[in-house]
Amino acid sequence: MTEIRLTNTRTRKKEAFVPIDPANVRMYLCGPTVYDRAHLGNARPVVVFDVLFRLLRHVYGPDHVTYVRNFTDVDDKINATALARKEAGAPGTLEELIRARTEETIGWYHADMDALGALRPTQEPRATDYIGAMISMIADLVEKGHAYARDGHVLFRVRSYTEYGALSGRSVDDMIAGARVEVAPFKEDPMDFVLWKPSDADLPGWDSPWGRGRPGWHIECSAMSHALLGASFDIHAGGIDLQFPHHENEIAQSCCAHPEGQFARYWLHNEMLQVEGKKMSKSLGNFFTVRDLLDRGIPGEVIRFVFLQTHYGKPMDWTAEKAAQAEATLRKWRALGAGIDPAPSAAPEVIAALCDDLNTAGAIAALHRIADPAVLVASARLLGLLEAGMGDWAAAPEADLSDLAAKLADLRVKAMDTKDFAPVDALKSALVAAGVEVRMSKAGVELLPGPNFDAAKLEGL
Ligand SMILES: Nc1ncnc2c1ncn2[C@@H]1O[C@H](COP(=O)(O)OP(=O)(O)OP(=O)(O)O)[C@@H](O)[C@H]1O
Ligand SMILES: [Zn+2]
């Protein structure tokens, strides 16, 4: 059987992947908190681990992989969003507004991730459907001495788990020194984290042995992964930003509640999509959504291609240039593969690249070398590219900017003579207004459709 090698964050090594049960390979990915549209960064783990899902299905068989990705539909950010709507006069109770918001966001999420060609996971549990499982797990942790109840809160006693910090390679004392841990009167130790917290009458809450309340975020993933994948499963994935504290806390909860299991054996973390060297994030405000790009006419397949050109373990940024190049390549490949049935299997070179720690950039480089269109299509589909249902965009004619580039170059030559640059500037401004990136150098004029490109605005130029 083909050997897959993966970089396991837990051991910091590239290891041969050996599933617990090849008849049911099990993977969990931390999913979104559903209070708003996904930004482009949020889509990176979805696309990266969709490729892993496809590869596992290829190697072990499509019916032998269980992929779980949750929806966090109980969270303070969701409550805050609904409360803001209520204060702005939206009709309905807070509970109704919360429900409406999470439903709406899940719908957006599905539409956006579908557009990126991500297969739906086998299961998409919602946290609110697993509150009972969370309460039992918390009660079990209290009973075993790993958690304690105080003032309506239940906290995990971090010092009771000696392995805490092993995933991120930090000691508890270093973490206290370096991290912004919340000190609260109900904590025995500043490192302890919340498993359960009290809810006011107007906030969503469930009855529990500790009074009416709601779960902390970390326990959600521990409870849902246990319910659907068991006490030991193969792969746990997520963004590197979740490694600490979220994943350390998941490990502590799951290993202490279910010492009979190993929890996750391989930990995979994707690096961040960045903007000017910083993580794209809602809190920093430096984000744009997947929907923003799709609405500007950037096909989902192009976004996917751009992601896959960088290894998941490296930070990356989004540029109009990368998108333009991805679009050109996909157009070329789609033209080659038009009307051709895919070959029965992908090219060995492409499979080998993906098996080598998801070397998607290497797989794309190999695709460039495939001459047979039937093999090209079959191989690209392993990466979720050149899928039948995703190519409508490529049928539309490409924006031809060559005439305008020639016109601009011409105006510039004339302006050198007349010293009147107004016509050059006017055309340049109009192009920029249409979302075209204008590059003028001694070598000539280059026009690239940018992320805001709007062909309709070119009319009359
Ligand atoms: N810039 C990014 N690049 C890659 N992955 C990211 C980025 N930002 C968030 N993620 C991932 O997106 C997934 C969903 O995270 P979550 O719902 O917590 O996002 P969020 O709260 O909107 O994030 P943020 O506040 O950081 O914008 C997680 O797996 C997380 O690691
Ligand atoms: Zn999680």
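Student: Which residue offers the backbone oxygen that the side chain of His 153 reaches at 3.0 Å?
Tutor: This is a predicted model, in which local features need pLDDT of at least 70, side-chain atom pairs count only at pLDDT 80 or more, and totals for chains, interfaces and linings use all residues, while side-chain values use heavy atoms, with hydrogens and water left out. Residues are numbered from 1 along each chain as its sequence is written, chains are lettered from A, and ligands are numbered from 1 in the order in which they are written. A polar contact is a pair of N or O atoms within 3.5 Å, where within protein one must be able to donate a hydrogen and the other to accept it, and residues adjacent in sequence count only if both atoms are side-chain atoms. At 3.0 Å, the side chain of His 153 reaches the backbone oxygen of Asp 151.

Student: Is His 153 buried or exposed?
Tutor: His 153 lies in strand 6, residues 153-156, where helices (H or I, at least four residues) and strands (E, at least two) are DSSP runs numbered from the N terminus. Leaving aside neighbours within four places in sequence, His 153 is in contact (heavy atoms within 4.5 Å) with Tyr 148, Phe 186, Trp 196, Lys 197 and Pro 198. Buried means under 20% relative accessible area, exposed over 50%, and partly exposed in between, with a 1.4 Å probe and protein chains only. Since its relative accessibility is 13%, His 153 counts as buried.

Student: How many residues does the protein have, and what percentage of them count as buried?
Tutor: The secondary structure of the protein comes to 16 helices and 15 strands, and its C-alpha atoms fill a box of roughly 85 × 60 × 40 Å along the principal axes. Of contacts between residues at least 6 apart in sequence, 72% join residues at least 24 apart. The protein has 461 residues, and the share that counts as buried is 52%.

Student: Which protein donors hold the zinc ion (ligand 2)?
Tutor: The unreviewed UniProt entry lists Cys 30, Cys 221, His 246 and Glu 250 for "binding site", with positions in the numbering used here, feature names shortened, and annotations that may be inferred rather than shown by experiment. They span 221 residues in sequence, yet no two of their C-alpha atoms are more than 10.7 Å apart, so they gather at one spot. Donors are N, O and S atoms within 2.8 Å of the metal (3.2 Å for Na, K and Ca), and sites may look incomplete because water is not among the atoms. Lying 2.1 to 2.3 Å from the zinc ion (ligand 2), its protein donors are Cys 30 (SG), Cys 221 (SG), His 246 (NE2) and Glu 250 (OE).

Student: What do the angles of 79 to 129 degrees make the arrangement around the zinc ion (ligand 2)?
Tutor: Four donors count as tetrahedral if all angles lie between 85 and 135 degrees; four count as square planar and six as octahedral if opposite donors are over 155 degrees apart and all others between 65 and 115; anything else is irregular. Because the 4 donor atoms around the zinc ion (ligand 2) subtend angles of 79 to 129 degrees, the arrangement is irregular.

Student: Which side chain joins that of His 246 in a polar contact of 2.9 Å?
Tutor: His 246 is placed in helix 7, residues 243-257, and its relative accessibility of 1% makes it count as buried. Not counting residues up to four places away in sequence, His 246 touches Cys 30, Trp 217, His 218 and Cys 221. The polar contact of 2.9 Å joins the side chain of His 246 to that of His 218.

Student: What is the relative accessibility of Glu 250?
Tutor: Glu 250 is also placed in helix 7, where, not counting residues up to four places away in sequence, it touches residues including Cys 30, Cys 221, Phe 263 and Trp 267. Glu 250 counts as buried because its relative accessibility is 0%.

Student: How far apart are the end C-alpha atoms of helix 6 (residues 217-229)?
Tutor: The buried residues of helix 6 include His 218, Cys 221 and Leu 229, and the helix is followed by Gly 230, whose phi is positive, near 95 degrees. The expected span of a helix is 1.5 Å times one less than its number of residues. The 13 residues of helix 6 should therefore span 18 Å, which agrees with the distance between its end C-alpha atoms, 19 Å.
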